[in-house]
Amino acid sequence: SYLTNVREIDLVNKAYESLISVEENIKLGMQVDILEIDLKNVWNYLGEVIGDSYKDELIDEIFSNFCLGK
């Protein structure tokens, strides 16, 4: 009930998938460097949800949904 739109839900799902990947790679005995990639993805995805980080494309996406005056 805390997620307000499809974009946030998608980001949380991507973070969850990256965490699953980390877990699987730990079980496979992968090196820490490989785990770091997925953990950084989790950090970035969740940062986008709470507004701590964002991609440049997000601004374009937000403004594409608005009809600015004529």
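Where is the place of Ile34? Select Ile34 and you land in helix 2. Keep that residue in mind, for the tour comes back to it.

**Before you start**

This is a predicted model, in which local features need pLDDT of at least 70 and side-chain atom pairs count only at pLDDT 80 or more, while totals for chains, interfaces and linings use all residues. Residues are numbered from 1 along each chain as its sequence is written, and side-chain values use heavy atoms, with hydrogens and water left out.

**Stop 1: the whole chain**

Show the chain as a cartoon. There are 3 helices and 0 strands, and the pattern along the sequence reads α-α-α. Helices (H or I, at least four residues) and strands (E, at least two) are DSSP runs, numbered from the N terminus.

Now colour by pLDDT, the predictor's confidence in each residue, from 0 to 100. The chain has a mean of 82, and 74% of its residues reach 70 or more. Among the elements, helix 1 has the highest mean pLDDT, 94, and helix 3 (residues 56-64) has the lowest, 61. Where pLDDT is low, the predicted coordinates should not be read in detail.

Switch on the surface next. The chain exposes about 5,900 Å², and carbon and sulfur atoms supply 58% of that area. Accessible areas come from the Shrake-Rupley method with a 1.4 Å probe; for residues, only the protein chains shown count as cover. Of the 70 residues in the chain, 20% are buried. Here buried means under 20% relative accessible area, exposed means over 50%, and partly exposed lies in between (1.4 Å probe, protein chains only).

**Stop 2: the nonpolar core**

Which residues make up the largest nonpolar core? Select Leu11, Ala15, Val42, Tyr45 and Val49, 5 residues in all. Helix 1 (6-27) and helix 2 (32-50) each supply at least two of them, and the largest share, 3 residues, comes from helix 2. A nonpolar core is a set of buried Ala, Val, Leu, Ile, Met, Phe, Trp, Tyr and Cys residues joined through side-chain atoms within 4.5 Å. In soluble globular proteins, nonpolar side chains tend to be buried together.

Stay on Leu11 for a moment. Leaving aside neighbours within four places in sequence, Leu11 is in contact (heavy atoms within 4.5 Å) with Tyr45, Glu48 and Val49. Over the chain, 44% of the contacts with a separation of 6 or more join residues 24 or more positions apart.

**Stop 3: salt bridges**

A salt bridge is a side-chain nitrogen of Lys or Arg within 4 Å of a carboxyl oxygen of Asp or Glu. By this rule the count comes to 4; the tour visits some of them.

Begin with Arg7 and Glu48, whose side chains meet in a salt bridge of 4.0 Å, N to O. This pair links distant parts of the chain, with Arg7 in helix 1 and Glu48 in helix 2, 41 residues apart. Is each partner buried or partly exposed? Arg7 counts as partly exposed because its relative accessibility is 24%, whereas Glu48 counts as buried at 10%.

Next, select Asp10 and Lys14. The closest N and O atoms of their salt bridge are 3.5 Å apart. These two residues are separated by about one helical turn, because they are 4 residues apart in helix 1. Asp10 is partly exposed at 35% relative accessibility, as is Lys14 at 33%. While Asp10 is selected, draw a line from its C-alpha atom to that of Tyr45: the two are 35 residues apart along the chain and separated by 9.2 Å.

Then go to Lys40 and Glu36, where the side chains meet at 3.2 Å, N to O, in another salt bridge. Both lie in helix 2, 4 residues apart, about one turn of the helix. Lys40 is partly exposed with a relative accessible area of 49%, and Glu36 is partly exposed at 37%.

**Stop 4: Asn25 and the surface patch**

Select Asn25 in helix 1. Asn25 is buried, with a relative accessible area of 12%. Not counting residues up to four places away in sequence, Asn25 touches Met30, Ile34, Leu35 and Asp38.

That brings back Ile34, which is partly exposed at 37% relative accessible area. Add Leu28, Met30 and Ile37 to the selection: with Ile34 they form a nonpolar patch on the surface, with about 390 Å² of accessible area together. Patches are made of residues with over 30% relative accessible area and no salt bridge: like charges are joined within 9 Å, and nonpolar side chains (Val, Leu, Ile, Met, Phe, Trp, Tyr) within 5 Å.
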